Amino acid sequence: MSYMRIIERIKEMEDISRKVKNKGKKVGLVPTMGALHEGHFRLIDVAKKHTDFVVVSIFVNPLQFGVSEDLRAYPRDVHNDAKLLKKKGIDILFAPLGNEMYPEGYDAYVELPMLSSVLCGARRPGHFKGVCTVVCKLFNIVIPDIAVFGEKDAQQLIIIKKMVKDLNLGIKILTAPTTRESDGVAISSRNIYLSSQERRDAPVIYQSLILAKKLIEKGERDTKKIKEKMRVIISSKLTARVDYMDIVKKKDLKQISFLESEVLIAVAVWFGKTRLIDNITLQIPEI
Ligand code: AMP
């Protein structure tokens, strides 16, 4: 087991990163909101594989939660997270303090309005502004060579890659596929909110995505028809309520009616007060 430091102060984190980089080491960052699970660990594995010094940040970012969302209830257990991270053999757990990240009078934001106006962004106004702002701050503090994000949050990943490109941040973004439970449910810190009935119904999200994939493999190209069939299977579960279901071009997240090239099928479903998201990417073969 290697030695892991827990850093709370921004200045200290900046100093360490600079020192490490001056020694010629490559720094990797895995930003998280904690309540760590297998999905996060797969991102850490990617960071460890590609860098010499791995920083995992834990910060429940108030800026990315809407007023009626679960900021207060969001699961927090930094103590347990620290234990798990120590076993993973990372170098730094960076858990910045809220009042250092956003001191009184804080007034700088990063926004990608076009990519943020659809899918989750349309349902959660301000969410991606909060995500981009905190990720940009974390990048400036940790100065990573690479940062790792999960495909589970497909829109977030696309927005962050675009932010890095448009703002010339010079950080390589690596990804890890969505980690799932054996019944297909994408692992999420929010799954603990589900009642036992809701948890039994939750695999329907991934089942709807697999159904879409099969329809496409059989030659279906009409997105309306695919979405109708997905909706039928999700609605068969009493505890499930579709928030949105979209098939978009992966490149720019624009809606399409006829499938071609690389597409993202993204779904958000409410189970009671819990909103779960999932997605798949498909390369559409020419027919
Ligand atoms: P969060 O702590 O939920 O904000 O997530 C932190 C990072 O972990 C993000 O890049 C997520 O996309 C990624 N992540 C969360 N759950 C999963 C999962 N089941 N599989 C892969 N990546 C995940």
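**Exercise 1. Decide from its accessibility whether glutamate 69 is buried, partly exposed or exposed, and then describe its charged partner.**

Solution. Glutamate 69 has a relative accessibility of 26% and therefore counts as partly exposed, where buried means under 20% relative accessible area, exposed means over 50%, and partly exposed lies in between (1.4 Å probe, protein chains only). Before going further, note that this is a predicted model, in which local features need pLDDT of at least 70 and side-chain atom pairs count only at pLDDT 80 or more, while totals for chains, interfaces and linings use all residues. Residues are numbered from 1 along each chain as its sequence is written, and side-chain values use heavy atoms, with hydrogens and water left out.

The next step is the partner: glutamate 69 forms a salt bridge with arginine 124, with 2.6 Å between the closest N and O atoms, a salt bridge being a side-chain nitrogen of Lys or Arg within 4 Å of a carboxyl oxygen of Asp or Glu. This pair links distant parts of the chain, since glutamate 69 sits in the loop between strand 3 (53-58) and helix 3 (78-88) and arginine 124 in the loop between helix 5 (119-123) and helix 6 (127-142), 55 residues apart. Helices (H or I, at least four residues) and strands (E, at least two) are DSSP runs, numbered from the N terminus. Arginine 124, with a relative accessible area of 12%, is buried.

**Exercise 2. Work out which parts of the chain are tied together by the salt bridge between arginine 9 and glutamate 100.**

Solution. Begin with the contact itself, in which the side chains of arginine 9 and glutamate 100 meet at 2.7 Å, N to O. Arginine 9 lies in the loop between strand 1 (5-7) and helix 1 (10-22), and glutamate 100 lies in helix 4 (residues 98-101), so the pair ties together parts that are 91 residues apart in sequence. As for accessibility, arginine 9 is partly exposed at 44%, and glutamate 100 is partly exposed at 24%. For the wider setting, the whole structure holds 17 salt bridges, and Glu38, Arg42, Asp45 and Lys88 are linked in a network of such contacts.

**Exercise 3. Examine the loop between strand 7 (240-249) and strand 8 (262-271), beginning with leucine 253.**

Solution. Leucine 253 is placed in this loop, and its phi is positive, at about 60°, although the residue is not a glycine. Most residues other than glycine have a negative phi. At 1% relative accessibility, leucine 253 counts as buried. Serine 261 is also found in the loop between strand 7 and strand 8; its phi is near 50°, again a positive value in a residue other than glycine, while its relative accessibility of 38% makes serine 261 partly exposed. A salt bridge completes the picture, with aspartate 252 and lysine 249 having their closest N and O atoms 3.7 Å apart.

**Exercise 4. Characterise the overall dimensions of the chain, and state what share of its residues is buried.**

Solution. The chain contains 10 helices and nine strands. Its C-alpha atoms fill a box of roughly 55 × 40 × 40 Å along the principal axes. The radius of gyration is 19 Å, which agrees with the value near 19 Å for a compact globule of 287 residues, where the radius is taken over C-alpha atoms and the globule rule is 2.2 Å times the number of residues to the power 0.38. Finally, 53% of the 287 residues count as buried.
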